[in-house]
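Trainee: Hi! Could we go through this one together while I have it open?
Mentor: Sure, pull it up and ask away.

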Amino acid sequence: MSFALTPYSPPDFDREPLASAPDAVLAPAPKDGVAPEGYHAMSVYPEYFKIGGAWLLAEDSRMDCVPVFEDGRIFVREFRHLKQGDLVACGRTESGAYGIYVHTGGFDRRADGQGELDDAGRRADNFAFRLGRSRETAFSREYDELYELLRHERDYGYIVWVMGPAFTFNGFSRTAFAKIVDAGYADAVFAGNAMATHDLEGAYFHTALGQDIETQENMPLGHYNHLDTINRVRLHGSIGRFIEEEGVTGGIMHALEKNQVPYVLAGSIRDDGPLPSVHANVYEAQDAMRAHLRKATTVVCMATMLHSIATGNMTPSYRVLSDGTIRQVYFYCVDIAEFAVNKLTDRGSIASRGIVTNVQDFIANVAKGLGL
């Protein structure tokens, strides 16, 4: 059975209060990096702004950012990217009564396209969803959905994987993800210095943090191995050059380089080295990640709470395609910690899925489920 996207149901702007809503209030940013008083903060949902009598959809979105009207369109910008004089939509009522409408029911087959109502007939709070997942939850349905989704997205979407270093601590998970990359199921990868370092250490020394990636035995002076790997990569000047000059084969970074899949390595204050190409400036890293998330249609976050939450905050629940079609963005969070999974699936996005499991087993199951 082939995968089918959930169709989008646009708002009915002939219904009240949308039909008689006034234009949204626009106010200029008082200085660079500062929004005007009463600014509107974006959500993960499709949002419409009435300007000049017409409802305009923010074609690209990100929660906790602000909408800017420019050249007849709504652009969504981080506070730090605001320029003095930018016309920012203001208002904190999301029902459309003041020219701003947050459309929560666009992908809900059960809804009328206008969002859910509470028992008193009032619009429900848009960020009130609670989708708890635990180690006792059965995830077989999520796995089956994911296999079909990935097959669809390989041909029609843009798949972003967000990875923690846990994948590098044994051979089979490194191999499984490399197969996924080789088969075309990755369009971009986000990680930190540690994931890339220990994956390259695995290829170079057959260890991760000094432990053999097959037997998990500690090797003599193994605690030097990741530092020696970083030092050697820095000598060559780039990860790609290191792989080529040192004859490295196998593993995640090798697969990414071989298939020319872009990756963003976001640094942190605890990093060793770091490797070349790691973004030391967190805002540069955020912008680099955002560039891929503007295209993403499926995002899978695995075993990295910090990078997963950062990615979740930058990922809307929808994407406007080049032909104007509005489609759902699918978001998965996979972690052994229930807190991490529930934190991400509690973003208010109906597209979120959470899977509580060991990520090494998860990625091996995904590779097997895809027939790799």
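Trainee: Let me start with one residue: is Glu 246 buried, partly exposed or exposed?
Mentor: Glu 246 is partly exposed, because its relative accessible area is 23%. Keep in mind that this is a predicted model.

Trainee: And which side chain does Glu 246 meet in a salt bridge?
Mentor: That would be Arg 232, with an N to O distance of 2.6 Å. Glu 246 sits in the loop between α5 (239–245) and α6 (252–258), while Arg 232 belongs to helix α4, so the pair ties together parts that are 14 residues apart in sequence. Arg 232 itself counts as partly exposed, at 35% relative accessibility.

Trainee: Which residues are joined into one network by salt bridges that share partners?
Mentor: Asp 60, Arg 62, Glu 78, Arg 290, Arg 294 and Arg 319. A search of the whole structure gives 18 salt bridges.

Trainee: Let's zoom in on that network. How far apart are the closest N and O atoms of Arg 62 and Glu 78?
Mentor: They are 2.9 Å apart, and the two residues form a salt bridge. Arg 62 is in the loop between β3 (54–57) and β4 (66–70), and Glu 78 is in the loop between β5 (73–77) and β6 (87–90), so this bridge ties together parts 16 residues apart in sequence.

Trainee: Is Arg 62 buried or exposed? And what about Glu 78, buried or exposed?
Mentor: Arg 62 counts as buried, with 10% relative accessibility. Glu 78 counts as buried too, at 6%.

Trainee: Got it. Where do Arg 141 and Glu 145 lie?
Mentor: They are in helix α1 (residues 140–156), and because they are 4 residues apart, about one helical turn separates them. They form a salt bridge, with the closest N and O atoms 3.9 Å apart. In general, an α-helix has 3.6 residues a turn, so residues three or four places apart point the same way. As for accessibility, Arg 141 counts as exposed at 56%, and Glu 145 is partly exposed at 27%.

Trainee: New topic: the sheet. What's the strand order?
Mentor: The open sheet has 7 strands in the order β13-β12-β9-β8-β14-β17-β18, and the pairing is parallel. Its edge strands are β13 (278–279) and β18 (352–356), each of which pairs on one side only.

Trainee: How many bridges join β12 to β13?
Mentor: There are 2 bridges between β12 (residues 263–266) and β13, and the strands run parallel. Leu 265 stands opposite Val 278 in β13.

Trainee: And further in, how many join β8 to β9?
Mentor: Strand β8 (residues 159–163) is joined to β9 by 3 bridges, again running parallel. Trp 161 has Val 189 in β9 as its bridge partner.

Trainee: Which way do the residues of β9 point?
Mentor: In strand β9 (residues 188–191), Ala 188 and Phe 190 point one way, Val 189 and Ala 191 point the other way, and all are buried.

Trainee: Which residues does Thr 304 touch?
Mentor: Leaving out residues up to four places away in sequence, Thr 304 touches Val 162, Met 163, Gly 164 and Asp 335. You'll find Thr 304 in the loop between β14 (298–302) and α8 (305–314), and it counts as buried because its relative accessibility is 9%.

Trainee: Back to helices. How far does α3 reach?
Mentor: Helix α3 (residues 193–205) has 13 residues and reaches 17 Å from its first C-alpha to its last, close to the 18 Å expected. Its buried residues include Met 195, His 198 and Leu 200. Just after α3, look at His 206, which takes a positive phi of about 65 degrees.

Trainee: On the outside, which residues make a nonpolar surface patch?
Mentor: Leu 221, Tyr 224 and Leu 227 make one of about 310 Å². Leu 227 is in helix α4 (residues 225–236), and counts as partly exposed because its relative accessibility is 39%.

Trainee: Last one: how many helices and strands does the protein chain have?
Mentor: It has 10 helices and 18 strands. Of its 372 residues, 50% count as buried. The accessible surface of the protein chain is about 16,900 Å², and 50% of that belongs to carbon and sulfur atoms.

Conventions:
Residues are numbered from 1 along each chain as its sequence is written. This is a predicted model: local features need pLDDT of at least 70, side-chain atom pairs count only at pLDDT 80 or more; totals for chains, interfaces and linings use all residues. Side-chain values use heavy atoms; hydrogens and water are left out. Patches are made of residues with over 30% relative accessible area and no salt bridge: like charges are joined within 9 Å, nonpolar side chains (Val, Leu, Ile, Met, Phe, Trp, Tyr) within 5 Å. Accessible areas come from the Shrake-Rupley method with a 1.4 Å probe; for residues, only the protein chains shown count as cover. A salt bridge is a side-chain nitrogen of Lys or Arg within 4 Å of a carboxyl oxygen of Asp or Glu. Buried means under 20% relative accessible area, exposed over 50%, partly exposed in between (1.4 Å probe, protein chains only). The expected span of a helix is 1.5 Å times one less than its number of residues. Two strands pair if DSSP finds at least two bridges between them. Contact means heavy atoms within 4.5 Å.
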